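Trainee: I have just opened this one and I'd like to know what backs up the words people use for it. Can we go through them together?

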Amino acid sequence: MTLVASLAGDAHGLDALRELSSLGFVTDHVTLTEGRTEFAEILLDPAGERTILGSIHKATRAVELSAPVSGDAFYVNGTQLPEALVTALARAPLVVSQFPLRSVTPRPADVLVGSIADFPGERLDAVWERAQEIAGNRLNCLLLTDGPNSITIHDRRQTTKVHLADAVRTGDTIGAGDSFSGALLHYLLLGRSTRDAAAEAAEATAEWLRRRDAVRAESAGIAGVES
């Protein structure tokens, strides 16, 4: 798996780069920038809702791409994209992107994944229009997650609800969105329908959360999560 990203060239950034390499990521397209690593403060309430406090410079930092990159599929979680990466996405057979909410570079994508909480009171048709402004005419469907409750799949013509039978109660949902999107991409590559891929990705994410919280509970000597 090839990673296109940027890290600060300080000790923290270099440690992260080594860790990514040890996990098997190809890091040839990870750019090391001047300056120091900026950490975000993540505030969690007991229900798992979170508020992220961080530097606006980190939020809007663009990645660079000094050489062509290609792949069978791309997962994009970023706002500002270099032109070379947008070109690579246009040539890719499958692109899944997180729904960026600000300072966005339009990018060709087949699927946009977001949270229904980010669009309070908005009609699905209006959210679809916003999604298409980002993904262009290539957009096939919009997936909006609703925590452990359901997934809404909208393709402008019809709306499908996927109800989750394997919900997990956890006080920490950090990483769940990327876990879901990565699993969604995996199942789409296996040829699943969008609905089936979303359902299986939700199950995989629930299992990941359950294993992660069990490890934390064991380390802390407390009871695990409820399912």
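Trainee: What does the accessible surface of the chain come to, and how much belongs to carbon and sulfur atoms?

Mentor: The chain has about 13,100 Å² of accessible surface, and carbon and sulfur atoms hold 51% of that. Keep in mind that this is a predicted model, and the values are computed from it.

Trainee: What makes the chain as compact as a globular protein of its length?

Mentor: Start with the parts: there are six helices and ten strands in the chain. The radius of gyration is 18 Å and the globule rule gives 17 Å for 227 residues, which is close, so the chain is as compact as a globular protein of that length. The C-alpha trace spans about 50 × 45 × 35 Å along its principal axes. As for burial, 37% of the 227 residues count as buried.

Trainee: Which strands are at the edges of the open sheet, and why are they called that?

Mentor: The sheet has six strands in the order S5-S6-S7-S8-S9-S10, with mixed pairing. Strand S5 (74-76) and strand S10 (159-163) each have a single partner strand, so one side of each has no neighbour in the sheet, and that puts them at the edges. From one strand to the next, the twist averages 20 degrees.

Trainee: How do you know that S5 pairs with S6?

Mentor: Pairing takes at least two bridges, and S5 and strand S6 (residues 95-98) are joined by three, so they pass. The two run parallel. One bridge to look for links valine 76 with serine 97 in S6.

Trainee: What about S6 with S7, and S7 with S8?

Mentor: S6 and S7 are joined by three bridges and run parallel; valine 96 has valine 111 in S7 as its bridge partner. Five bridges join S7 to S8, also a parallel pair, and there serine 115 stands opposite threonine 145 in S8.

Trainee: Why is S7 called largely enclosed?

Mentor: Count its residues: four of the five are buried, so S7 is largely enclosed by the rest of the structure.

Trainee: What lies across the sheet strands S5, S6, S7, S8 and S9?

Mentor: That's helix H5 (residues 176-189), running at about 165 degrees to S6.

Trainee: Why is phenylalanine 99 called buried?

Mentor: The cut-off is under 20% relative accessible area, and phenylalanine 99 has 8%, so it counts as buried. You'll find phenylalanine 99 in the loop between S6 and S7. Leaving out residues up to four places away in sequence, phenylalanine 99 touches several others, including Leu112, Val113, Phe119, Ile134 and Leu142.

Trainee: And what makes arginine 156 partly exposed?

Mentor: Partly exposed sits between 20% and 50%, and arginine 156 has 44% relative accessibility, so that label fits. Arginine 156 is in the loop between S9 and S10. Its phi is near 80 degrees, a positive value in a residue other than glycine.

Trainee: Where is there a glycine with positive phi?

Mentor: Look just past H1: glycine 24 follows that helix, with phi near 105 degrees.

Trainee: How do you know that the span of H1 is close to what is expected?

Mentor: Helix H1 (residues 11-22) has twelve residues, and at 1.5 Å a residue 16 Å is expected. From first C-alpha to last, H1 reaches 17 Å, so its span is close to the expected one.

Definitions and conventions. Residues numbered from 1 in each chain as written. Predicted model: local features only at pLDDT ≥ 70, side-chain atom pairs only at ≥ 80, totals over all residues. Heavy atoms only, no water. Axes fitted to C-alpha atoms, helices over the stretch in contact; angles between N-to-C directions. Contact = heavy atoms within 4.5 Å. Rg over C-alpha atoms; globule rule 2.2 N^0.38 Å. Buried < 20%, exposed > 50% of the residue type's maximum accessible area, 1.4 Å probe, protein only. Areas by Shrake-Rupley, 256 points an atom, 1.4 Å probe, with all protein chains shown as cover.
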